[in-house]
Structure formats: C-alpha cells, structure tokens
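Biologist: Please take one part of this protein and look at it closely. I would like to know what surrounds that part, and then how the rest of the chain is built.

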Amino acid sequence: SAVGRRLRRLGLGEAGPAPALVLAGVALVIVFIVTAGPRALSAADNRATRQAVAQAPTLDTGVQVAADMEARPGGGVLSARIVDRLTRGFAARLPAHGQFPAAMGWSGVLLPVLDRITIGQPPGGIPERIEVAYRSQLASHSALVAGALPKGKAVVTRAVAGKPPSVTLKVAFSKVTAATFAVKVGSVLNLGWAAAGTPVVLLKVTGIIAPRGQAAAFWQHDPELVVPEKTAGENPRYIGGGLIGPGELAALAVAYKGQTERATWFFPMGARPASADVQTIESGTSALAAGPQMRQVEVASGAAFLQDTVTSTGLADGLAIFTSQWHVTEGVDSVLVVGLFVVGLVLLLICCGLAAQAYRPELSIMRVRGSSLGQVARRTFARSCCMAAPALAIGWAVAVLLLPAGGTPVILAGLTAAVAVVATPLIAVLEHRKVRVDAATLRADAPAARSPVRRLVG
C-alpha cells in the first residue's frame, strides 16, 4: 500500500537497507548484553548464595528470638496459645520474611537441669542431670519408636498422707537418651525439687522418639536433647533432656517456681535466598534487635512478662567465607559489565555516524530545497525509531526470556536506547547546520542536461 511504501522509505531512506540493518543489529546485541550480563551475574551470585547457605551450619542460617521469664504462678504463663501467637507476630516482623517459610519455624522452652534421684547407684554408675524442654513441631521432626508423644495436661498432686506435692510431666526421650538413662515407656523419673517449697518434679515417659534431620537447627540448638552430654572431670555427669507436650507448659510455673524459663523462636531460611536477601536479613535483624518492634509483639500477644528479648542471626558467621569472596567478585563483575557497556556504546556511536554519512546526500538535498534543521532532525529521528526501537525491544525480550531471574539495569539499558535513537539525528544536525552542496549532491539533484541537438531544434 501507499502507507507501507512511505513507511519503508522513511525507515530505509535513499541509502537502502544496509545502514538500517547494521544499526538495528548492533543496537539489538548491545541491549541484550547490558540486560543479560547483570542478570547472568546476579543469577550466578544467587546460586552461590544458595550453595553457601546449604553448606553453612543450620543454626547460622536463620533468625532467632530468645527471651527469659521467671516461672511463678500468677505472674504470667507462657501457654501454647501465647507461644503460637508470638511465633506469628515475630515472623511477620522479620526482614525479607518471604524467605522464612512458616512451616519451618519452631518455638521452644527450656528449663534448668535437675538431678535425677535414684535408689542406689544410678544407671551406668554416672549421675544424671535432666532438663525439661518443649518444642513445637515435634511430631514433624521426629519418628515415634515406642509409645506416644506427650499430650494433655500435667498432673498436679497436693501433699497427702505425708507425701510431698508433686507435678508429673509426661515426656518423650530420644532413643539414645532412653538407652543412656535406662528408661522405657512407663518409667517415672524423680527430679526432686526445683527450689525449696516447690512440688517434686516427676517425669513419666510416654514415648521414645528418633530425630528426623538431626543436623537441623531444631535438634542442634540443644543437642543434649538427642544425645546426652557427659561432663569432664573426676566426677562426670550425664546432662540430657526430655520433651513435654504443649498442654503441660502451664504447669511449669508451679513445678519450677522461681526458676528461669528460656523461650526461643527460630525461623530457618528457605532453600532459595537471593544474594541481596542476605544483606537485607542481616541489616534488618540488627534493626529489630535495636528497635521496639519485638517488644510490641510481646505486649500485643499477652506476653509482657518476657524479659531480655534478643533478636539475632548467625548469617555473618555462617557465610563469612562466602561474603568475603562475594565482595571481591562483585567489584570485578561491575567493572566487566561497565567495560562491555562502554565498548558497546562506542561501537553504537560509530554505527550511528556511518548511518548519518549514508543519509548525507538525501539530507543535503533537503537542506538545499529549504528544509530546516528541525525537519532534518525529525526525519532522522523517525528513521532511528523505526530501525532501533524494534531491535531494542527484541534484544531486551530475548535477554529476559533466557534469564528470567534478576533485575534489569535500567540506567545502562536506558542509555543504550537513548544513544541508538538520538545519536544519528544529532550527528546529522551537526553536519548540516550550514547548507553545503557537494558535487555528488548536485549531480543527484540536477535535471538531466538537454542534448545539443535538442537545443538546436528547440
């Protein structure tokens, strides 16, 4: 059609398709490089970050919130409902909280160790010290070997017939702990009094469990819950622990009156963090530790009795080697990208200059015929848009399709597009500020000369 022919003439000009194709091809390649380069480097950084996180100790790849409270009746009870409410509130305040899957987070309470009271020589001849602990998500982190996991409330018994008051907590021991302490399902362990005037603490074994993923932070946080620790010295002791159910948390205030309960919330990172997330989490966690947000969560959750709350992360330690290497390679990567961009920009300017030279006869004729510099600029600008805009869009789209992850360097891509579209008109205007007509232009624009014979006859 006539419109199509006019557009084709506008885009190609009198010089033919060669200048247009060269400029479009160079613009496509350069915008692809400046878009794909940083995205490829970002993807490589992300892969290295995920590998480093996978290899780091599990306790270093998460955010921990820890707080203390004094166990005392009427002074605030850290019930399972309050623990869950705090878990949700703390998780919502985490930096880059999308990197912390809710299903992976857990909470726990740890009580001081008490000496096991036995009749005669203790099993194995080594005295035992046992701590009581609570862990949410216990069922998903353990496999039941025998019995059942603790459930229901603790049994509180008043003093009767000369017997002291007692609190019986149902507990589950790990398989190794049960073997070390010579207990089985149904065994009852006497831990005596936590303090003068408090009931006797009794532990009734309801289940034997085996940990799932023993290297996970769930078990590494307090490893003595899995394998009892044997102290050194002339009088060694075993230090181990049993796990109670959520319904027994309220009874801890009675059983351990006056003692310190240590509450912990741990939020492990997911498997796909980006390199930028690491810095966000580290700086955000430091801000949480220094700010009032976590205290506000405690008050709003009905746990104002918690004290000395500390929010921390071990990412700096767990990823120390990776971070030092990443800072070195980050500088090299930036220099590489900028270097490629500068080389590409110079090449693009050369192509724009060659295109302006190819259009010079056509533009010189326009000037001879009275066209202004504005008309020359508009003609070449429209031609540059017809050539470069589709190529720029294709180059950017291909880079994004091949490397969907990562951001687009807007500044580099924008400068490339600006040069591809504006450079040719600018060069053309600078060359045609004055009307200059060379011999080639005159021959192209002059009417065909009349032959001598024609003049004689005319």
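Modeller: What follows starts with one helix and then moves outward to the strands, the cores and the whole chain. The model is predicted, and the protein averages a pLDDT of 85, with 88% of the residues scoring at least 70.

The part I choose is helix α8, which covers residues 293-300. Which of its residues are buried? They are M294, V297 and E298. These residues cover an arc of only 100° around the axis, which means that they lie on the same side of α8. The spacing fits a general rule: an α-helix has 3.6 residues a turn, so residues three or four places apart point the same way.

What does this buried side pack against? The buried residues of α8 pack against two helices, α3 (80-93) and α7 (275-290), and against two strands, β1 (62-70) and β13 (307-313). E298 in helix α8 can be followed in detail. Its relative accessible area is 1%, and E298 counts as buried because this value is under 20%. Leaving aside neighbours within four places in sequence, E298 is in contact with A67, L86, F90, A303, A304, L306 and T309. After the helix comes G302, whose phi is positive, near 80°.

Strand β1, one of the elements that α8 packs against, leads to the next part of the picture. Nine bridges join β1 to β12, and the two strands run antiparallel. In this pairing, V65 stands opposite W265 in β12. Strand β12 (residues 260-268) also pairs with strand β2 (residues 106-110), through five bridges and again antiparallel. Here W106 stands opposite F266 in β12. Seven of the nine residues of β12 are buried, so the strand is largely enclosed by the rest of the structure.

Helix α3, another element that α8 packs against, leads to the nonpolar interior. The largest nonpolar core has 59 residues, and L78, L169, F173, L203 and Y256 have the most contacts inside it. With five residues, α3 gives the most to this core. Another core, of 27 residues, lies apart from the largest one and includes V26, I30, C351 and L363.

Two of the well-connected core residues can be traced further. Leaving aside neighbours within four places in sequence, Y256 is in contact with A71, L111, P112, L114, V132, L169, L191, A194 and V201. L203 belongs to β9 and stands opposite L189. Strand β8 (residues 188-193) and strand β9 (residues 200-211) pair in the antiparallel sense over four bridges. They form a hairpin with six residues between them, and G197 in the turn has a positive phi of about 85°.

How does the chain look as a whole? Its secondary structure comes to 15 helices and 13 strands, and buried residues make up 43% of the 458 residues. Of the contacts with a separation of 6 or more, 82% are between residues 24 or more positions apart. One pair that is far apart in sequence is V400 and A36: they are separated by 364 residues, but their C-alpha atoms are 7.2 Å apart. V400 is in helix α12 (residues 373-402).

One stretch calls for caution. Over residues 452-458, pLDDT stays under 50, and the model has one contact beyond four places in sequence for them.

Note on methods
Residues are numbered from 1 along each chain as its sequence is written. This is a predicted model: local features need pLDDT of at least 70, side-chain atom pairs count only at pLDDT 80 or more; totals for chains, interfaces and linings use all residues. Side-chain values use heavy atoms; hydrogens and water are left out. Buried means under 20% relative accessible area, exposed over 50%, partly exposed in between (1.4 Å probe, protein chains only). The arc is that of the directions from the helix axis to the C-beta atoms. Contact means heavy atoms within 4.5 Å. Two strands pair if DSSP finds at least two bridges between them. A nonpolar core is a set of buried Ala, Val, Leu, Ile, Met, Phe, Trp, Tyr and Cys residues joined through side-chain atoms within 4.5 Å. pLDDT is the predictor's confidence in each residue, from 0 to 100.
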